[in-house]
Amino acid sequence: MREYGSEFDYTVNQRVVQNKWTAFRNFHLLRCGRDAVFAAATVLKERGIENVMVPALSCHSMYEGFVHCGLNVTFYPLDTQFNPKLTDGKQSGKHAILFMLYYGVTDLEFVQRLIREHKECISIVDITHSVWDQTVYALQADVLIGSMRKSVGVVNGGIFLSDRFAVQAKQGTNEFTEFRTRGFQIKNSYNETSDPEQKFAYRTLFAEAERSLDRQNGVYCADPESVETMMSVNAEELRHKRFANFKHLARLLAQDDSVKPLCGQLPETAVPFSFPILVEDQLKLQTELARLGVYAPVLWPIDDRAKAACEFSKTVSENMLSLPVDQRYTIEDMNVIYQRLKQALYGE
């Protein structure tokens, strides 16, 4: 039973992650995660790097910047705990390695060991799923990049951190920011009206924003309002809510054999991104959940080369849905999501 009016849960009311960001010699808040990839690609190109190894479980936007800069992308496999499987870093020619921290469960110590073992490579770590986890910033990588738009409500939200490399970001207006600003204005109204025409309008604008990145690619600064929001997030409160939601949903899902949770026990310091599950019919279940008001995205549609490089990544790409556990929701919301999942699966 949900309780109201009892003692508040204790959280450390300090904004510490932002200090972790500004501790880096080169710190940029950018338009989006793809701009952060583009910034990293520019660094590599300027230093004569020809090849980038990326995890097989990567959607196109996670490495589009490398391709645009003319770098060769090769895929490496993951184990079933989302950890890298690198057999040999001695590739021909100069190269870099992109590591991805998945869902807050990738083993940071293991990644750090790989970074040391491949010290002849430039190491780039995508921290999109762990951007609010302050333990991540102890990684001794050459570059940290990430997106924040799926973890806090901002128009813009990319991040580039490095003690080794500097980049230049463009100031001023751009189509991506303009489309998303208009989209959020309509979405805020939709939250009050539930008008389907408004829903269509803001979704159209968000999609147009994504397409604009192909027309106006590069490295752009985030808009001032987004910067102010990102710099003032109470990261510990965010972590507390996400962790509690994740654990509660995990207990509920343990009662059902029709879905398979893809994450095991979380470290106590983790800041969960979402809750990934494996399902029988990905598209059918996703469509039915959306009809019931639960939006469970397919995060990584991957290409055939990536599928050939890693069977686990292929399975995840074709069978995974991602359930929301973020700070907008409560334990009671997790109960509702679970009930709607059961309804989508069994018609209950």
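A residue is called buried here when its relative accessible area is under 20%, exposed when over 50%, and partly exposed in between (1.4 Å probe, protein chains only). By that yardstick Val-279 is buried, because its relative accessibility is 7%. The model is a predicted one, so local features need pLDDT of at least 70 and side-chain atom pairs count only at pLDDT 80 or more, while totals for chains, interfaces and linings use all residues. Residues are numbered from 1 along each chain as its sequence is written, and side-chain values rest on heavy atoms, with hydrogens and water left out.

Starting with the overall picture, the protein has twelve helices and ten strands; these are DSSP runs numbered from the N terminus, with helices (H or I) of at least four residues and strands (E) of at least two. Its radius of gyration is 20 Å, which agrees with the value near 20 Å that a compact globule of 348 residues would have. That radius is taken over C-alpha atoms, and the globule rule is 2.2 Å times the number of residues to the power 0.38. Along the principal axes, the C-alpha atoms fill a box of roughly 60 × 45 × 40 Å.

Of the 348 residues, 51% are buried. The accessible surface comes to about 17000 Å², and carbon and sulfur atoms hold 49% of it (Shrake-Rupley method, 1.4 Å probe; for residues, only the protein chains shown count as cover). Contacts, meaning heavy atoms within 4.5 Å, often span long stretches of chain: among those between residues at least 6 apart in sequence, 71% join residues at least 24 apart.

Now for an open sheet of three strands, which has the order E8-E9-E10 and antiparallel pairing. Its edge strands are E8 (260-261) and E10 (320-323), each of which pairs on one side only. Two strands pair if DSSP finds at least two bridges between them. E8 and E9 run antiparallel and are joined by two bridges, with Lys-260 having Leu-278 of E9 as its bridge partner. On the other side, E9 (residues 275-278) and E10 pair in the antiparallel sense over four bridges. Here Phe-275 stands opposite Leu-323 of E10, and Pro-276 has Ser-322 as its bridge partner. Phe-275 and Ile-277 point one way from E9, Pro-276 and Leu-278 point the other way, and all are buried.

Back to Val-279, which sits in the loop between E9 and helix H9 (282-291). Leaving aside neighbours within four places in sequence, Val-279 is in contact with Val-259, Leu-285, Asn-319 and Leu-321. Ile-331 lies 52 residues away from Val-279 along the chain, and the C-alpha atoms of the two are separated by 23 Å.

Elsewhere, strand E6 (residues 143-147) is mostly covered, with five of its five residues buried. Val-143, Ile-145 and Ser-147 make up one covered side of E6, and Leu-144 and Gly-146 the other. E6 has pairings of both senses. Strand E5 (residues 122-126) runs parallel to E6 and is joined to it by three bridges, with Asp-126 opposite Ile-145 of E6. Strand E7 (residues 158-162) instead pairs with E6 in the antiparallel sense, over four bridges, and Gly-158 of E7 is the bridge partner of Ser-147.
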